[in-house]
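Work through the exercises below with the sequence and the 3D view at hand. Try each task before reading its solution.

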Amino acid sequence: MESPLIIPLAVFAMVVLIVAIVKLAKIRDRELEVQQKLHLEQMEHQRKMQELELELARLRKGE
């Protein structure tokens, strides 16, 4: 009664599922890496802005 195609189709579907899961995991890792890099760049930008604000305040006091 069972079709002889069920097992090959099931194996193929399993392989496709495994490949999809691996690809999604790699995409998620890359996304986290990009978010971390962006956060570090934002922190560096904030630090530079604070330094510039302090320098501006010192220059205004000297006027």
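**Exercise 1: a residue and its patch**

Val15 is part of helix H1, which covers residues 6-62. The model is predicted.

Task: Decide whether Val15 is buried, partly exposed or exposed, and find which residues make the nonpolar surface patch with Val15.

Solution.
Step 1. Take the relative accessible area of Val15, which is 44%.
Step 2. Set this value against the cut-offs: buried is under 20%, exposed is over 50%, and partly exposed lies in between. Val15 is therefore partly exposed.
Step 3. Look for the partners of Val15 in the patch: they are Ile6, Ile7, Val11 and Val19. The nonpolar patch has an area of about 440 Å².

**Exercise 2: a pair in the helix**

Task: State how the side chains of Arg30 and Glu33 meet, and how far apart the two residues are in helix H1.

Solution.
Step 1. Recall that side chains of opposite charge can pair when their charged atoms come close.
Step 2. Check the N to O distance between Arg30 and Glu33: it is 2.9 Å. The cut-off for a salt bridge is 4 Å, so the two side chains form a salt bridge.
Step 3. Count along the helix. Arg30 and Glu33 are three residues apart in H1, so about one helical turn separates them.
Step 4. Classify Glu33: with a relative accessible area of 46%, Glu33 is partly exposed.

**Exercise 3: a network**

Task: Find which residues are joined with Arg47 into one network by salt bridges that share partners.

Solution.
Step 1. Begin with Glu44. The closest N and O atoms of Arg47 and Glu44 are 2.4 Å apart, and the pair forms a salt bridge. These two residues are three apart in helix H1, which means a separation of about one helical turn.
Step 2. Go on to Glu51. A salt bridge links Glu51 with Arg47, and here the closest N and O atoms are 2.3 Å apart. Glu51 and Arg47 are four residues apart in helix H1, again about one helical turn.
Step 3. Join the two pairs: Glu44, Arg47 and Glu51 make one network through salt bridges that share partners.
Step 4. Compare the accessibilities. Arg47 has 37% and is partly exposed; Glu44, at 33%, is partly exposed; Glu51, at 42%, is partly exposed.

**Exercise 4: the total**

Task: State how many salt bridges the structure holds.

Solution. The structure holds five salt bridges. Among them are Arg30 with Glu33, Arg47 with Glu44 and Glu51 with Arg47.

Key:
Residues are numbered from 1 along each chain as its sequence is written. This is a predicted model: local features need pLDDT of at least 70, side-chain atom pairs count only at pLDDT 80 or more; totals for chains, interfaces and linings use all residues. Side-chain values use heavy atoms; hydrogens and water are left out. Patches are made of residues with over 30% relative accessible area and no salt bridge: like charges are joined within 9 Å, nonpolar side chains (Val, Leu, Ile, Met, Phe, Trp, Tyr) within 5 Å. Accessible areas come from the Shrake-Rupley method with a 1.4 Å probe; for residues, only the protein chains shown count as cover. Buried means under 20% relative accessible area, exposed over 50%, partly exposed in between (1.4 Å probe, protein chains only).
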